[in-house]
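Please look over the sequence and the model before reading the notes. They are meant for a reader who has not met this structure before.

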Amino acid sequence: MTPLTRRETACTLLDGQRIAAEIRAEVATEVAQLVGQGGRRPGLAVLIVGADPASRVYVGAKTRACDKAGMIGRTIELEATVSEAELEAQIDRFNDDDTVDGILIQLPLPAGLGNRRLLERIDPAKDVDGFHPYNIGQLWLGEPGFEPATPSGVIELLRRYDIALAGKHAVIVGRSAIVGKPMAGLLLRHHCTVSICHSRTRDLAEICRQADILVAAVGRTAFLGPDHVKPGAVVIDVGMNRITDPAEVERLYPGDRKRRATLARRGEVLVGDIDFTRVSAIASAITPVPRGVGPLTVAMLLVNTLRASRLRQGLK
Ligand code: NDP
């Protein structure tokens with residue numbers, strides 16, 4: 001097959017921000033209908049432990065999005081010194097509270113707190129993050145349950161851009177419980193042939209080059225470049241890394257004034273795991289960072305919360 005070049009195939013920018021706005025508007029309409037029919041407003045409770053500034057920003061975005069969609073977002077912030085027993089008691093209160101449809105614990109938790117035990121304490125019917133073993137099991141069994149928001153956002157993005165999945169070879173770099181593994185389960189469910197790569201994978205570039213759909217969830221700046229990408233592949237960048245070095249910004253985004261201005265204003269620039277400038281020259285479609293996968297995570301959390309609420313209110 002003749003290799004594709006940029007001139008032969010323009011690269012589609014997969015606009016996660018736009019798709020997320022669409023999804024959020026749809027959720028808001030459904031919430032209004034639910035309330036109009038005498039239903040209860042869906043409620044999301046977020047538990048945040050310690051004052052990690054990045055976590056605070058994410059939690060703020062989630063609860064604000066809830067409010068905008070007509071749901072009730074509530075945050076309980078606990079000191080980093082909180083005991084596991086107190087956290088368990090708080091989760092139990094949310095489990096027992098009928099106005100709470102979705103519960104999420106903002107990760108990471110401070111060291112010493114047992115993430116797994118706490119996640120397992122959440123009522124699976126309120127586990128809108130999809131991290132409870134019951135929901136993880138349902139995902140791999142192909143049964144209904146809550147799917148983690150980031151990978152399900154990726155699937156929704158691909159669906160809304162009419163990117164067919166059946167029979168495609170999907171390669172995921174990263175095997176975390178919150179992104180890589182559920183991403184693999186969902187792509188498998190959509191009939192992809194799936195390869196999962198990680199830090200011990202040999203010949204990473206060679207495997208990545210086989211991908212029709214390449215998903216990067218590594219957490220390393222511009223880790224995958226053109227050598228990892230088959231011309232014409234669809235490239236999904238889940239990574240969110242921050243760079244502060246002007247020379248690095250210039251190397252990754254030569255002549256990009258907007259990013260230089262962001263660096264000057266904020267002291268950092270958000271970049272993905274993909275070398276966007278060079279990979280977008282050969283890919284058929286790619287998600288940018290920011291405005292790619294990130295906004296979809298919040299939107300899918302709303303979708304899950306609405307679904308949890310409908311189910312808990314006895315609606316389909
Ligand atoms: P983790 O650190 O939990 O997982 C990273 C994965 O990358 C691991 O499986 C690791 O392999 C693999 N990896 C590390 N180094 C290499 C290497 N040299 N070669 C191949 N694989 C490697 O990260 P997360 O999954 O939580 O997050 C990944 C990225 O996605 C981060 O940048 C994070 O910020 C971002 N993220 C974005 C979200 C969004 O909404 N857009 C949501 C969640 C995360 P191993 O298992 O062998 O250690």
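The notes below cover the ligand site, two helices and one glutamine.

The model is predicted. Around its ligand stand 21 residues, and the protein covers 71% of the 930 Å² of accessible area that the ligand has on its own. Helix 7 is mostly covered, and helix 2 has buried residues that pack against several other elements.

**Ligand site**

- Among the 21 residues around the ligand, R175, S176, S199, M240 and T297 come nearest.
- The side chain of R175 places an N or O atom 2.7 Å from an oxygen atom of the ligand.
- S199 also faces an oxygen atom of the ligand, with a polar side-chain atom at 2.5 Å.
- At H198 the backbone is involved: one of its N or O atoms lies 3.4 Å from a nitrogen atom of the ligand.
- By type, the shell consists of 9 nonpolar, 10 polar and 2 charged residues.
- Helix 12 supplies the largest share of this shell, with 3 residues.

**Helix 2**

- Helix 2 runs over residues 53-68, which makes 16 residues.
- At 1.5 Å a residue, helix 2 should span 22 Å, and its end C-alpha atoms are 22 Å apart, so the expected and actual values agree.
- Its buried residues are S55, V59, G60, K62, T63, A65 and C66.
- These buried residues pack against helix 1 (16-36) and helix 12 (293-312), as well as strand 2 (43-49), strand 3 (72-78) and strand 4 (102-105).
- After helix 2 comes G70, which has a positive phi near 85 degrees.

**Q90 in helix 3**

- Q90 is part of helix 3, which covers residues 84-96.
- Q90 counts as buried because its relative accessibility is 9%, and the cut-off for buried is under 20%.
- The side chain of Q90 makes a polar contact of 2.9 Å with the side chain of R93.
- Leaving aside residues up to four places away in sequence, Q90 touches L47 and I76.

**Helix 7**

- Helix 7 spans residues 180-189, and 7 of its 10 residues are buried.
- The buried residues are G180, P182, M183, A184, G185, L186 and L187.
- Their cover includes helix 5 (133-141) and helix 6 (149-160), along with strand 5 (169-173), strand 6 (193-197) and strand 7 (213-216).
- Just after helix 7, H191 has a positive phi of about 70 degrees.

Key. Residues numbered from 1 in each chain as written. Predicted model: local features only at pLDDT ≥ 70, side-chain atom pairs only at ≥ 80, totals over all residues. Heavy atoms only, no water. Helix = DSSP H or I, 4+ residues; strand = E, 2+ residues; numbered from the N terminus. Expected span 1.5 Å × (residues − 1). Buried < 20%, exposed > 50% of the residue type's maximum accessible area, 1.4 Å probe, protein only. Contact = heavy atoms within 4.5 Å. Near = heavy atom within 4 Å. Polar contact = N/O pair within 3.5 Å; in protein donor to acceptor, adjacent residues only side chain to side chain. Areas by Shrake-Rupley, 256 points an atom, 1.4 Å probe, with all protein chains shown as cover. Nonpolar A, V, L, I, M, F, W, Y, C, P; charged D, E, K, R; others polar.
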